[in-house]
Amino acid sequence: MERTLQTPQSAALTIERLLQFATQNGLIEQLDVYTSRNALLDLFGLAEPFQGEVPAEKLNSPVGLLEELLDAAWEAGLLEENTMTYRDLLDARIMGLMMPRPSEVVSEFWKIAKTQSVEAATAYFYKQSIDSNYIRMDRIAKNAYWRAETAYGDLEITINLSRPEKDPKEIALLKTLPQSSYPLCLLCVDNLGYAGRVNHPARQNLRVIPLELDSEKWYLQYSPYVYYNEHSIIFHEKHIPMKTTANTFYRLLDFIEQFPHYFIGSNADLPIVGGSILNHDHFQGGRHKFPMEKAPSEKAFSHADFAGVKAAIVKWPMSVLRLSGHNKQQLYKLASKLLDDWRAYSDAEAEVLAFSEKDGQRIPHNTITPIARNNARGEYELDLVLRNNRTSAEHPDGIFHPHQHLHHIKKENIGLIEVMGLAVLPGRLQQELADIAKLLTGEAELSRELSDPSHPLHKHADWIAALLAKHGASLKADAASSVLQTEVGSKFMDVLLDAGVFKRDEAGQAAFGRFLAAVGFAQQ
């Protein structure tokens, strides 16, 4: 980034403008301005504050002011390198000096929940997380987003551009840094106020809300890279591994009792079908209606031992059983039984094996991705997505995982968010799709270099050939963009179909029915 020289007085003015933003948005009270101002003056080595009149203004974000201060910090030698990582470390420190203490945030949250509503409390907390620049909305706004019509409803597609990429110098530096075990991971509550380092983000502007789920202490925070509205992380007080158990369902139902306007779900607890952080027990929640929630039930079932619970197969690419009812205990007990039954279930005809043997050890393969919400009928609702993480010689990345021909679009684990119908695709696709669009419009010609594995479009070669055969090379720019959005949506649908244990064909649905019958369900 180009350096911008700032005089001490211009930096001091920017500090005053930032303090004005902080007070306007309730990050600090008027009396707090004095301590925040003095802390910022000390940080920037300024002897006195701005002496002139501060212009009255109403800003929606602190980002522009922070950029000015970070440029000043670079000129003053306060940054080791003028890279995004070092700038991020400092701007979290700056915002941390204009924040209420964690206990004050908690006190205000529950005060609002008690006097107004828990919905108003989460709105307060979410806005604070944005205003403090903990959620970097300026970067999230760069993410591509669209909906793609499919046989299973409109799937949501995002291309993630908000996570900053490491500078080559930082990548080289990471190899030389001593290993640190503090904080143990990004989800530990020890991150509160942590100054960060090159390989761990600063968290001076992080705040969390303590909760009690199933008589245990958990915390609620927002994801700094929100993929949907009010994208929350609910994490255990202790650094313990994720494990889907009967307690999982009780915790999920407990949460939606306390936060009836939110959904909550968990990644599966096995490799390949699990999430990216399996070493710290956590859930994800928020205020968003995912495509899977909108998907209709297509076959209704009942269980003789749980008369108060309705069950149905959901019309969805993956294998989803939806349970609903007003009786929390019955719902919890049936979900727990289903988890145990599924963990022990095998059907070789459907390629489902509960266990395999390796080096004398019994390796489990079946688990569940659970999602809980309150439905429009005022019932508790659980969507239980059946998962299996077996691999084979034909599918070494997973039998029920995106297969090889889809890896050019999506190779990573299919976690909770994707399961529910929101694709989080890698940032590389932004430029790659733009280059493919040029082939579809005729602005660029198909190159023989595409056969070279080092070519950025090589991974898409077969797909490009199919696209050109289907759509030609003379589309208008808007039409090319629309075609690619539709085709990517179709690819994501295929990703979910691959991840489905019981396939959507006649044989697969018959196998789904065999499982449900074996564990006590009867079709209505």
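**Stop 1: α3 and α4**

Select L66, E67, L69, L70, D71 and A73 in α3, then R87, L90, D91, I94 and M95 in α4: these residues meet. Contact here means heavy atoms within 4.5 Å. By class, this contact has 7 nonpolar, no polar and 4 charged residues. Ala, Val, Leu, Ile, Met, Phe, Trp, Tyr, Cys and Pro count as nonpolar; Asp, Glu, Lys and Arg count as charged; the others, Gly among them, are polar.

This is a predicted model, in which local features need pLDDT of at least 70, side-chain atom pairs count only at pLDDT 80 or more, and totals for chains, interfaces and linings use all residues. Residues are numbered from 1 along each chain as its sequence is written, and side-chain values use heavy atoms, with hydrogens and water left out.

Now show both helices whole. α3 covers residues 63-75 and α4 covers residues 84-96. Helices (H or I, at least four residues) and strands (E, at least two) are DSSP runs, numbered from the N terminus. The two pack at an angle of about 115 degrees, with their axes 10 Å apart. Axes are lines fitted to C-alpha atoms, for helices over the stretch in contact, and angles run from 0 to 180 degrees between N-to-C directions. The crossing of α3 and α4 is right-handed. A crossing is left-handed if the near helix is turned anticlockwise from the far one by less than a right angle, and right-handed if clockwise.

**Stop 2: the 11-stranded sheet**

Colour the strands in this order: β3-β4-β5-β7-β6-β13-β14-β10-β9-β8-β16. They form an open sheet with antiparallel pairing. Two strands pair if DSSP finds at least two bridges between them. Which strands are at the edges? Select 209-213 for β3 and 521-523 for β16; each pairs on one side only. The twist averages 30 degrees from one strand to the next.

Go to the β16 edge. β8 (residues 297-303) pairs with β16 in the antiparallel sense over 3 bridges. Label H303 and F521; they stand opposite each other.

Next, add the helices on this sheet. α6 (residues 118-131) touches β3 and β4 (216-222). Its direction makes about 55 degrees with that of β4. α11 (residues 328-343) touches β8, β10, β13, β14 and β16. The direction of α11 makes about 5 degrees with that of β14.

**Stop 3: α9 against α11**

Keep α11 and add α9 (residues 246-258). These helices pack at about 150 degrees, with their axes 8 Å apart. The crossing is right-handed. From α9, pick A246, F249, Y250, L253, D254 and E257. They meet K328, Q329, L331, Y332, A335, S336 and L339 in α11. The contact divides into 8 nonpolar, 2 polar and 3 charged residues.

**Stop 4: the cavities**

How many cavities of 30 Å³ or more are there? The count is 2. On a 1 Å grid over the protein atoms alone, a cavity is a set of points where a 1.4 Å probe fits but cannot get out; lining residues have an atom within 4 Å of a point. Grid points are joined across faces, edges and corners, and a volume is the space filled by probe spheres set on the points.

The largest cavity holds about 50 Å³. Select its lining: M99, F125, Q128, S129, S132, Y134, N205, L206, R207, Q221 and Y222. α6 gives the most, with 3 residues. α6 and β4 each supply at least two. The lining has 5 nonpolar, 5 polar and 1 charged residues.

The second largest cavity has a volume of about 30 Å³. Select M242, K243, T244, T248, S266, D281 and F283, which line this second cavity. By class, that lining has 2 nonpolar, 3 polar and 2 charged residues.

**Stop 5: the three-stranded sheet**

Show β1-β2-β15, an open sheet of 3 strands with mixed pairing. β1 (144-150) and β15 (422-425) each have a single partner strand, so one side of each is left without a neighbour in the sheet. The twist averages 25 degrees from one strand to the next. β2 (residues 153-159) and β15 pair in the parallel sense over 4 bridges. Label I157 and its bridge partner in β15, A423.

Two helices to add here are α13 and α15. α13 lies across β1, β2 and β15, at about 105 degrees to β2. α15 (residues 477-499) also lies across β1, β2 and β15, running at about 105 degrees to β2.

**Stop 6: α13 and α14**

Finish with α13 (residues 428-441) and α14 (residues 461-471), which pack at about 35 degrees with axes 10 Å apart. α13 passes α14 in a right-handed crossing. Select L433, I436, L439 and L440 in α13; they meet W463, I464, L467 and L468 in α14. This contact has 8 nonpolar, no polar and no charged residues.

Definitions and conventions: On a 1 Å grid over the protein atoms alone, a cavity is a set of points where a 1.4 Å probe fits but cannot get out, and a pocket is an open set with protein on both sides within 12 Å along at least five of seven lines; lining residues have an atom within 4 Å of a point.
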